[in-house]
Amino acid sequence: MALTPVLTAHWDDPKSFEIESYKKYGGYVALKKALKMTPDEVIGVVKDSGLRGRGGAGFPTGMKWSFVPQNDGKPHYLVVNADESEPGACKDIPLMLANPHSLIEGIIIASYAIRANHAFIYIRGEVPHAIRRVMNAVEQAVADGLLGKNIQGSGFDLNIVVHAGAGAYICGEETALLDSLEGRRGQPRLKPPFPAVAGLYASPTVVNNVETLASVPSIVLNGADWFKSMGTEKSPGFKLFAVSGHVNRPGIFEAALGTPMSELLDYAGGMRKGSKLKFWIPGGSSVPMLTPDHIDIPMTYEDLSAAGTMLGTGTPMMFDQTTSVVKAVTRWLEFYKHESCGKCTPCREGTFWITGVLEKFEHGKGKEEELALIDDVCGQIAGRSFCALGDAAATPFPSAMKYFADEFREATRISADASFPPSATTIFDKAGV
Amino acid sequence: MSIKVISEEDIKTLETLAAKYPERRSALLPMLHYVQSIQGMVSPAGIQVCAQVLDLTPAEVAAVATFYTMYKRFPMGKHHIGVCTNTMCALLGGDELWKELTNTLGIGHDETTADGLFTLERIECQAACTVAPVVTVNWEFMDSMNPKSLRELIDKLKLGAPVQSTRGIKITSIAETGKVLAGINDGKYEESPLADDSMLAGLRVAQERKMKAPAAKGAQ
Amino acid sequence: MTLTSDNKQTNTKTLITATIDGIQVQVPKGTLIIRAAERMGTFVPRFCDHPSLAPVAACRMCLVEIEGMPKPQPSCAIPLTEGMVVKTQMTSEVAEKAQAGVMEFLLINHPLDCPVCDKGGECPLQNQAMTAGRAESRFEIEKRTFPKPIELSTEILLDRERCVECARCTRFSEEIAGDPFIELLERGANQQVGIATDEPFNSYFSGNTVQICPVGALTSSAYRFRARPFDLVSVPTTCEHCASGCSLRTDYRRETVMRRLAWEDPAVNEDWNCDKGRFAFGYLKTNRLTQPKVRKKDGNQVDALWPDAIDFAAKGLREANGKVAVLLGGRLTLEDAYAYSKFARLALSTNDIDFRNRVNSAEELNFLASAVAGDAGTVTYADLEKAENVVLVNFEPEEESPIIFLRLRKAAAKGKIKVLAIAPYLSRGLEKIDAEVIATKPGDEAKVLRGLKIAKNSIILVGERAAATLGTLSAVIEVAEKTESKLAWIPRRAGERGAIEVGVLPNLLPGGRPVIDSGARSEVGAIWGVNGSDIPSKPGRTHSEIVQAALNGEIKALIIAGLDVLDAPDPQALSEAINSVDFVVTLGIQENSLTRYANVSLPVAPVTEKSGTFINWEGRPRPFGRAITSTNALTDARVLAMIAESLGHDFGLQTIEEIRQELSSFGTWMGTKVDKPKVDAIGARNTSGNNVILSTWNLLLDDGALQKGEEHLAGTQRPVVAHLSEKTAQAQQLENGEKINISNDRGSITAKLEIIEMVNDVVWIPANNHDSKVKSKLGAKEGDVVTIKKGGL
């Protein structure tokens with residue numbers, strides 16, 4: 001396997017975010033090509049490529065587009081999910097900072113394919129730097145005749161609105177995002193109807209992740225076969241892997257799907273000096289953790305699923321032996337408690353309860369029998385909550401218990417900070433552990 | 001702290017925000033960002049104004065304003081300082097930075113210093129784990145912080161000395177950020193520094209090891 | 001008389017077959033699993049689910065197992081489909097466990113205050129905790145606490161600790177009432193119901209949220225801590241306030257009404273009622289008359305024994321020597337109204353009887369006799385729900401008949417109805433039913449209506465206020481006929497429609513029979529056991545004519561009942577009339593300014609202490625039983641029977657059964673009706689300078705007599721404002737928010753000006769709120785000219 005810079009290929013250009021720079025490297029050529037195709041042909045190419053959503057769920061993108069009813073007389077909308085907030089995920093925001101035009105081009109092509117004349121980029125509010133770059137990219141594209149009325153003489157109109165969120169992880173859930181974009185509380189909607197039929201303003205809507213859309217121009221330009229020449233049959237193409245944690249060179253590594261973690265870790269310079277991988281999470285806090293034993297598993301949807309976890313956002317978090325699993329899990333649960341929207345009982349009350357008990361463990365005050373209680377409570381959330389946030393919240397603890405039950409038992413006596421001194425876990429001393 | 005009144009001019013701005021969307025209510029989040037940028041908080045008056053512009057009840061607006069963490073019901077200081085204490089940042093140093101900061105400033109979560117300069121918040125994951133631990137100033141990132149760089153940051157902000165965000169702009173104030181979030185482009189997109197090491201990590205390895213994505217059939 | 005029957009619901013929907021708990025069920029396509037299970041007798045526990053609200057599947061209590069689905073599914077949100085195999089908690093361990101889990105979650109933060117909670121004993125959470133809950137809590141950390149209670153309005157209180165976040169209340173307020181003044185605030189475990197800082201939950205329908213709250217989170221100031229559900233006796237009753245005709249449940253304890261609830265009635269009020277119907281029963285305890293009183297020669301009123309009081313009344317009436325008239329209000333039950341009708345004709349030999357103690361006209365008299373009496377069921381609630389075009393004339397549904405409002409709003413939510421309103425401005429209520437307003441000056445209604453393009457087969461709803469402007473009711477009939485539209489007249493009071501049907505009008509006998517028709521008189525005479533010729537044939541005097549006749553001595557005695565002087569079109573004139581006659585008999589439940597004038601004041605039973613029937617605006621009988629049985633309060637009919645006997649008449653009507661029996665023998669009048677009114681409209685009055693036309697109507701919650709004694713409810717009245725258009729305000733240099741003065745030669749009213757989009761040269765003020773008492777202060781009616789100027793000095 002190898003690194004395959006496509007999206008990141010020109011991020012080292014000092015003006016990588018400007019339209020001239022983007023065009024210099026072949027930007028917006030795919031758009032011209034797409035506009036000469038019929039919308040259904042564009043959907044066909046994306047379908048053929050096997051591109052799967054990069055936001056976490058991995059749903060085939062072309063299929064999602066094809067669900068939008070045609071000739072229904074209603075306006076269609078494309079909504080970009082740029083609400084990247086999953087703990088561990090950090091690839092969409094850098095992409096929008098470094099190369100917003102790849103997203104804009106993807107949006108125009110996708111909108112053309114699904115016959116949408118309005119697109120919205122919903123960016124979490126905490127990243128003004130990315131918002132500025134995207135707003136600027138939209139303005140540049142408008143000035144260049146790539147957005148607006150009759151784009152490139154094709155007769156296709158598109159207007160993009162850049163919309164900032166205001167701090168709510170749940171808005172990454174596509175129906176919550178739509179409610180939020182409609183100026184409401186970001187609580188998930190009852191499905192059906194699905195967004196493809198009744199999404200934004202009750203009209204057919206496609207919600208796509210940033211990386212997904214940014215991947216589209218290269219597929220349209222180079223063809224489905226080119227895309228499929230990377231990755232595996234079920235997980236074709238390239239992917240931004242953002243590797244974080246106790247590694248020497250944390251960052252974004254664009255590689256073919258199927259690249260094993262061991263290889264990515266090598267690109268990331270290995271674990272920091274004196275450090276040993278203790279556990280890792282392949283794709284955000286919502287997916288179960290793995291151990292060094294799993295490090296050679298190909299990073300694909302199917303292989304990780306077979307290993308009992310998920311590719312998720314494809315942003316591995318690597319933790320070494322200095323890390324308190326108890327503390328890590330507690331923080332994630334505090335996060336889910338903070339971000340639970342409150343709509344459904346299991347998630348709202350369950351995260352409140354589990355977090356309260358876990359905090360005792362973090363301080364060395366848990367009771368042994370409470371481990372079974374937390375596990376049971378997780379079981380009462382998983383599969384019973386309204387949306388996937390509940391399932392996600394019910395994930396870290398059972399998965400940590402699978403490998404580190406002893407550590408939780410120790411936390412009935414010793415605090416996390418005593419067992420695992422923060423001074424060793426922090427990376428302030430760049431020399432290593 | 002006296003709170004600025006929302007002016008007729010501001011209401012006109014709110015109207016233009018509402019006009020950007022096929023359905024006006026979609027502008028509520030940007031509008032709340034805007035009234036917060038004027039008043040340093042989402043006040044009952046701010047809620048009332050948004051309700052009037054969008055023909056909603058104040059309760060409907062309050063329901064939205066209280067749902068999102070970034071809207072504050074208390075007046076913020078000039079700078080909003082966020083410390084990420086979600087797992088990755090916390091472990092890699094965020095917890096220590098938080099301790100440092102609360103000690104230095106003498107305030108806790110969602111509190112403001114007496115001089116009105118800083119409001120402190122424990123924040124959730126900022127999607128910047130590769131540059132953990134992260135501190136934000138007015139939501140502009142300060143990457144890979146340590147106690148020393150944090151102390152320097154605070155000292156500079158106290159003195160009003162220039163501070164450059166590692167991903168964003170030269171620090172101004174939380175009020176200015178609010179306007180950008182409202183959708184008003186401040187044109188400062190070039191102020192962000194070049195892509196950092198973490199963003200270029202993979203590309204550099206690829207360049208070093210001469211790795212490339214496969215060429216397209218028929219491509220040169 | 002003909003009475004409406006419920007339209008049989010013909011179900012043309014396809015049936016689907018599925019299996020629930022191993023039993024095959026057939027239900028119409030689209031039936032939710034939770035309802036299908038209910039049909040076969042299996043109650044799936046639920047909190048957020050409510051049959052009249054859109055499903056949200058938020059509480060997750062109703063999870064069931066569906067074959068082929070990996071996770072348990074919310075039965076409240078999923079329709080049963082062909083061949084679906086569902087297992088509820090009765091047969092599925094998965095479902096049972098899921099439900100037990102949710103129950104545990106709901107209880108971890110719930111306070112253990114059932115013993116002091118109003119809901120205790122009728123609480124779905126409590127009940128379901130008994131079946132699906134654990135005996136011992138596993139929750140050992142600190143519970144979430146909130147300061148409590150908080151006032152959402154003066155009437156509705158919220159205890160956030162008890163709330164299970166089912167959002168029934170907020171969904172009701174938005175979906176049904178259109179009053180999103182309460183909302184879910186905050187997020188996650190901190191999520192809570194609340195109001196905005198400056199706007200309380202002043203919705204006319206707020207009480208419904210207390211009723212549908214599945215826990216004790218919402219309580220009413222009126223009932224809070226007053227009783228335990230298991231100490232209450234519940235009886236079905238009918239609301240006595242307006243002509244909507246809501247079914248209610250009255251709960252009483254030790255002969256005192258403790259609370260009233262909406263009683264489900266799909267044909268009328270569905271699951272809801274308004275706050276007036278729910279909370280305004282404090283009058284039952286306010287200044288109640290319990291003892292007959294007679295005025296002695298020295299002028300003092302003294303308590304009297306019933307036989308003496310009756311004899312005294314009979315003597316006075318006899319002495320008036322045929323110059324007696326009967327003035328009634330619009331709140332009598334059908335049975336009591338009938339007794340007055342019969343009493344006037346038989347015992348007093350007069351047609352001088354009128355229930356219209358409000359703005360009225362001779363035109364209206366003919367309108368009621370020709371287009372309303374005997375036409376029951378022309379328009380029903382169901383008709384409104386499926387109507388495509390509805391025209392409102394002088395009628396503000398939310399203020400004047402709130403259940404019609406809810407039905408129109410339901411229709412509007414479906415998006416098929418188009419409502420046109422002839423009104424001076426788009427009121428809040430009209431806005432909530434997506435009505436289009438044809439901005440009209442009072443007086444111009446007839447002209448505007450005739451000029452309007454109205455679709456064929458529309459429904460025209462005309463309010464009782466139409467009587468204020470000459471020609472409107474004539475135009476309504478004309479336009480309805482021309483467009484083949486159905487017409488319904490909407491009175492404000494519960495007893496008006498019934499009073500028409502039993503002939504409490506100077507031109508009608510029971511069953512819509514014209515008094516001038518000898519055939520009609522013979523039919524009535526036959527039932528009454530007298531000759532038709534014994535029934536006076538000349539149309540009697542109207543309310544206003546009776547008042548006039550009393551003032552000039554042509555009427556010597558008055559029987560007055562069920563009437564508040566302040567409701568009269570001209571309270572001052574009525575008071576003078578009562579003062580000027582020789583003899584006054586009043587029948588009433590309360591001591592008031594009227595009883596103090598009486599020569600004989602006779603206490604009668606309020607609705608809670610008698611059986612009766614109200615006929616709602618549809619013409620639908622709404623019978624109710626006696627809630628409180630231990631008092632000896634007599635019905636008006638019983639009292640009239642005693643007086644009639646004392647006057648030497650064989651009156652009958654001793655019991656409610658006897659009255660109903662007699663009423664049922666009238667049948668439908670097949671003869672000629674009274675002629676339809678054909679009155680030319682004179683149009684809106686001319687105005688100039690600071691003279692403008694008055695527009696006014698009664699708000700649902702105002703200072704009406706039957707709302708006395710309930711200060712919490714009064715606290716939710718809409719604020720008093722005067723409305724002017726911008727142009728009209730500017731012409732007088734009046735500014736938004738300032739106090740203005742509305743006056744005529746009688747008096748003046750001061751109100752805060754709220755400039756709105758409305759017809760020019762018109763001022764609108766509420767009819768009877770706080771300082772804005774149009775009748776008693778101005779003696780004016782809609783369409784009159786008043787003067788506006790800067791006020792508050």
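These are my notebook entries on chains B and C of a predicted model.

**Entry 1: chain B as a whole**

I began with chain B, for which I looked up the secondary structure and found eight helices and five strands. Reading along the sequence, I wrote the pattern down as α-α-α-α-β-α-β-β-β-β-α-α-α. I then took the extent of the C-alpha trace of chain B along its principal axes, which comes to about 60 × 55 × 30 Å. On burial, I noted that 57% of the 220 residues of chain B count as buried. I also checked how far apart in sequence the contacting residues of chain B lie: among contacts between residues at least 6 apart, 61% join residues at least 24 apart.

**Entry 2: where chain C meets chain B**

Next I turned to the contact between the two chains, to which chain C gives 13 residues and chain B gives eleven. I asked myself which element of chain C supplies the largest share of the side that touches chain B. I found that this is strand β8 of chain C, residues 182-185, with four residues. Sorting the residues on the chain C side by class, I counted seven nonpolar, one polar and five charged.

**Entry 3: the domains of chain C**

For chain C I looked up the domain assignment, which lists domain 1 (15-108), domain 2 (293-358 + 497-664), domain 3 (371-490) and domain 4 (691-790). I followed the pair formed by domain 2 and domain 3 of chain C, whose centres, taken over C-alpha atoms, are separated by 32 Å. In their contact I found nine residues of domain 2 of chain C against 13 residues of domain 3 of chain C. The domain 2 side of this contact divides evenly by class, with three nonpolar, three polar and three charged residues.

**Entry 4: helix α9 of chain C**

I closed with helix α9 of chain C, residues 362-372, and asked how many of its eleven residues are buried. The helix is mostly covered, since ten of them meet the criterion of 20 or more other C-beta atoms within 10 Å. The buried residues include the acidic pair C:E363 and C:E364, along with C:L365, C:N366, C:F367 and C:L368, and the run continues with C:A369, C:S370, C:A371 and C:V372. I then looked for what covers these buried residues, and found that the cover includes α15 (472-482), β22 (486-490), α16 (496-501), β23 (508-509) and β24 (513-514) of chain C. Just after α9 of chain C, I noted that C:G374 takes a positive phi of about 80°.

Definitions and conventions:
Residues numbered from 1 in each chain as written. Chains lettered and ligands numbered in written order. Predicted model: local features only at pLDDT ≥ 70, side-chain atom pairs only at ≥ 80, totals over all residues. Contact = placed C-beta atoms within 7 Å. Helix = DSSP H or I, 4+ residues; strand = E, 2+ residues; numbered from the N terminus. Nonpolar A, V, L, I, M, F, W, Y, C, P; charged D, E, K, R; others polar. Domains from an automatic or database assignment. Buried ≥ 20, exposed ≤ 12 C-beta atoms within 10 Å, placed from the backbone.
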